[in-house]
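I opened this model to record its salt bridges, its helix packing and its hairpin. The entries below follow the order in which I looked things up.

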Amino acid sequence: MLSQPLIALGGSHQAEYFHEYLNANSEEELPDTKLLEKAEQFFREALEYAQLGDISNWRTISDAQLAIADHYVLTEQPVRARRFYRDTWQLLSAAPERAEARRDQLETLKPLWQVTPDLTVALAEGDNSDLESAEFETGYIAVRFTVNRRGRLTNIGLLDIEPERNAAI
């Protein structure tokens, strides 16, 4: 079936966009949003192919629905995302044998995107001699936040920061 490869293809377009976005140093370096449009198109095609089969194909349908929903969360379209999360919840609640899949896919927090800090990337690649002799300042930041059911952070706030001069963070 074509659904899983199409989901993977959409995910690769999405990953490429966000990788380029996070590494852009200026407005001119921002990636083309056509990558996100293609990702959405692949996710929608995956869902169409999944829905061509019978209802015994519910796992593939839910995977495609969640790929679209997560895409909409990442592209800040919560109303569209909500529709697909709701449809997935209903699909996975329709029969007792789907309860475990519902728990795993909708009731467990999952990061949608992980960002590797620049220092980690710098240490993992190339010559690190300049980093070894650098004097890094130590400190801490304490924050509060709420994680919603899909793993998105809300109610983010700064509780404490040391040293104080980093309060602009």
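**Entry 1. Salt bridges**

I began with R86 and D87, which form a salt bridge whose closest N and O atoms lie 3.3 Å apart. The model is a predicted one, and I read each distance with that in mind. R86 has a relative accessible area of 44%, so I entered this residue as partly exposed. Side chains of opposite charge can pair when their charged atoms come close.

I then asked how many salt bridges the rule yields. The count comes to 4.

Next I looked up E40 and R80, whose side chains meet in a salt bridge at 3.7 Å, N to O. This pair links distant parts of the chain, since E40 belongs to helix α2 (residues 34–52) and R80 to helix α4, with their positions 40 residues apart. Is E40 buried or exposed? I found a relative accessible area of 18% for E40; the cut-off for buried is under 20%, so E40 is buried. R80, in contrast, is partly exposed at 44% relative accessibility.

I also recorded R102 and E107, whose side chains meet in a salt bridge at 2.9 Å, N to O. R102 is buried, with a relative accessible area of 19%. Its partner E107 is partly exposed, with a relative accessible area of 36%. Salt bridges with shared partners join E40, R44 and R80 into one network.

**Entry 2. Packing of α4 and α5**

I turned to helix α4 (residues 78–93) and helix α5 (residues 99–106). Their axes are 8 Å apart and the two helices pack at an angle of about 155 degrees. An angle over 145 degrees counts as roughly antiparallel, and α4 is therefore roughly antiparallel to α5.

Which residues make the contact? From α4 I listed Y85, T88, W89, L92 and S93, and from α5 I listed A99, A101, R102, Q105 and L106. By class, the residues of this contact divide into 6 nonpolar, 3 polar and 1 charged. R102 thus appears twice in my notes: in the contact with α4 and in the salt bridge with E107.

**Entry 3. Two residues of α4**

I looked up T88 first, which has its place in helix α4. At 0% relative accessibility, T88 counts as buried. What does T88 touch, leaving out residues up to four places away in sequence? I found S62, Q65, L66 and L106. L106 is also among the α5 residues that make the contact with α4.

F84 is likewise placed in helix α4. I noted a relative accessibility of 2% for F84, which counts as buried. With residues up to four places away in sequence set aside, F84 touches R44, L47, Q65, I68, A69 and Y72. I checked the backbone for one of these: the C-alpha atoms of F84 and A69 are separated by 5.3 Å, although the two residues are 15 residues apart along the chain. R44, another of the residues touched by F84, is a member of the salt-bridge network with E40 and R80.

**Entry 4. The hairpin**

I moved on to the strands. Strand β1 (residues 140–147) pairs with strand β2 (residues 153–162) in the antiparallel sense, over 7 bridges. Which residue of β2 stands opposite A142? I identified it as D160. The two strands form a hairpin with 5 residues between them, and G151 in the turn has a positive phi of about 90 degrees.

**Entry 5. Positive phi outside glycine**

I recorded N155, which has a positive phi of about 55 degrees although this residue is not a glycine. N155 is found in strand β2 and counts as exposed at 53% relative accessibility.

E76 also has a positive phi of about 55 degrees and is not a glycine. I located E76 in the loop between α3 (58–74) and α4. With a relative accessible area of 62%, E76 is exposed.

**Entry 6. The chain as a whole**

I closed with the overall tally. The protein chain has 7 helices and 2 strands, and its pattern along the sequence reads α-α-α-α-α-α-α-β-β. Of the 169 residues in the chain, buried residues make up 32%. I also noted that, among contacts with a separation of 6 or more, 51% are between residues 24 or more positions apart.

How values were computed. Residues numbered from 1 in each chain as written. Predicted model: local features only at pLDDT ≥ 70, side-chain atom pairs only at ≥ 80, totals over all residues. Heavy atoms only, no water. Axes fitted to C-alpha atoms, helices over the stretch in contact; angles between N-to-C directions. Helix = DSSP H or I, 4+ residues; strand = E, 2+ residues; numbered from the N terminus. Parallel < 35°, antiparallel > 145°, perpendicular 65-115°, else oblique. Contact = heavy atoms within 4.5 Å. Nonpolar A, V, L, I, M, F, W, Y, C, P; charged D, E, K, R; others polar. Pairing = 2+ DSSP bridges. Buried < 20%, exposed > 50% of the residue type's maximum accessible area, 1.4 Å probe, protein only.
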